[in-house]
Amino acid sequence: MRHAGFVAPEGEEDRRDRCCEQHEVSQLGVVTMCAAQPFGSPGARFLFLVFEPSQRPVAA
């Protein structure tokens, strides 16, 4: 996982599963970003993200 402002120590892998305790655990998946410019407001932007989690096998 990558997070702004965090650098893993030299020679070590970043094994964190979240950026901090206030956020949910990171998940693998696909993110699609949709952007539009409304006709009535030149220069304005409308953005939204759609996240589709990947299916992970559940450990028995």
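Cys34 touches Phe46, Leu47 and Phe48, leaving aside residues up to four places away in sequence. The model is a predicted one, and this set of contacts is a convenient place to enter it.

Cys34 lies in strand β1, and its bridge partner in β2 is Phe48. The two strands, β1 and β2, run antiparallel and are joined by 8 bridges. The C-alpha atom of Cys34 is also 8.0 Å from that of Val50, a residue 16 positions away along the chain. Cys34 has a relative accessibility of 27% and therefore counts as partly exposed, since the class of buried residues is reserved for values under 20%.

A second residue of strand β1 is Val30. Beyond its neighbours within four places in sequence, Val30 is in contact with Val50, Phe51 and Glu52. Val30 and Val50 are 20 residues apart along the chain, and their C-alpha atoms are separated by 8.1 Å. Val50 thus appears in two of the C-alpha distances given here, one to Cys34 and one to Val30.

Between β1 and β2 there is a loop, and Pro38 is placed in it. Not counting residues up to four places away in sequence, Pro38 touches Ala44 and Arg45. The relative accessible area of Pro38 is 34%, so this residue is partly exposed.

The next topic is the aromatic residues. The structure holds 1 aromatic pair. It is formed by Phe46 and Phe48, whose ring centres are 5.6 Å apart; their planes stand at 55°, so the pair is classed as tilted. An angle over 60 degrees would have made the pair edge-to-face, and one under 30 degrees would have made it stacked. Phe46 has a relative accessible area of 48% and is partly exposed. Phe48 is likewise partly exposed, at 38%. Both rings belong to residues that Cys34 touches, and Phe48 is also the bridge partner of Cys34.

Nonpolar side chains also form a patch on the surface. Val31, Met33, Leu47, Leu49 and Phe51 make up this patch, which covers about 540 Å². The elements that give two or more residues to the patch are β1, spanning 29-36, and β2, spanning 46-53. β2 gives the most, with 3 residues. One of the patch members, Val31, has its place in strand β1. Val31 counts as exposed because its relative accessibility is 52%, and the exposed class begins over 50%. Two other members of the patch have been met already: Leu47 is touched by Cys34, and Phe51 is in contact with Val30.

How many of the 8 residues of β1 are buried? The number is 0, so β1 lies largely in the open. The protein chain as a whole gives a matching value: of its 60 residues, 0% count as buried. The chain exposes about 5900 Å², and carbon and sulfur atoms supply 56% of that area.

Finally, the overall makeup of the chain can be stated. The protein chain has 2 strands and 0 helices. Among its contacts with a separation of 6 or more, 19% are between residues 24 or more positions apart. The picture is of two antiparallel strands joined by 8 bridges, with a nonpolar patch to which both strands contribute and a tilted pair of phenylalanine rings, Phe46 and Phe48.

Technical notes: Residues are numbered from 1 along each chain as its sequence is written. This is a predicted model: local features need pLDDT of at least 70, side-chain atom pairs count only at pLDDT 80 or more; totals for chains, interfaces and linings use all residues. Side-chain values use heavy atoms; hydrogens and water are left out. Helices (H or I, at least four residues) and strands (E, at least two) are DSSP runs, numbered from the N terminus. Buried means under 20% relative accessible area, exposed over 50%, partly exposed in between (1.4 Å probe, protein chains only). Contact means heavy atoms within 4.5 Å. Accessible areas come from the Shrake-Rupley method with a 1.4 Å probe; for residues, only the protein chains shown count as cover. Rings of Phe, Tyr and Trp (its six-membered ring) pair if their centres lie within 6.5 Å; planes under 30 degrees apart count as stacked, over 60 as edge-to-face and the rest as tilted. Patches are made of residues with over 30% relative accessible area and no salt bridge: like charges are joined within 9 Å, nonpolar side chains (Val, Leu, Ile, Met, Phe, Trp, Tyr) within 5 Å. A salt bridge is a side-chain nitrogen of Lys or Arg within 4 Å of a carboxyl oxygen of Asp or Glu. Two strands pair if DSSP finds at least two bridges between them.
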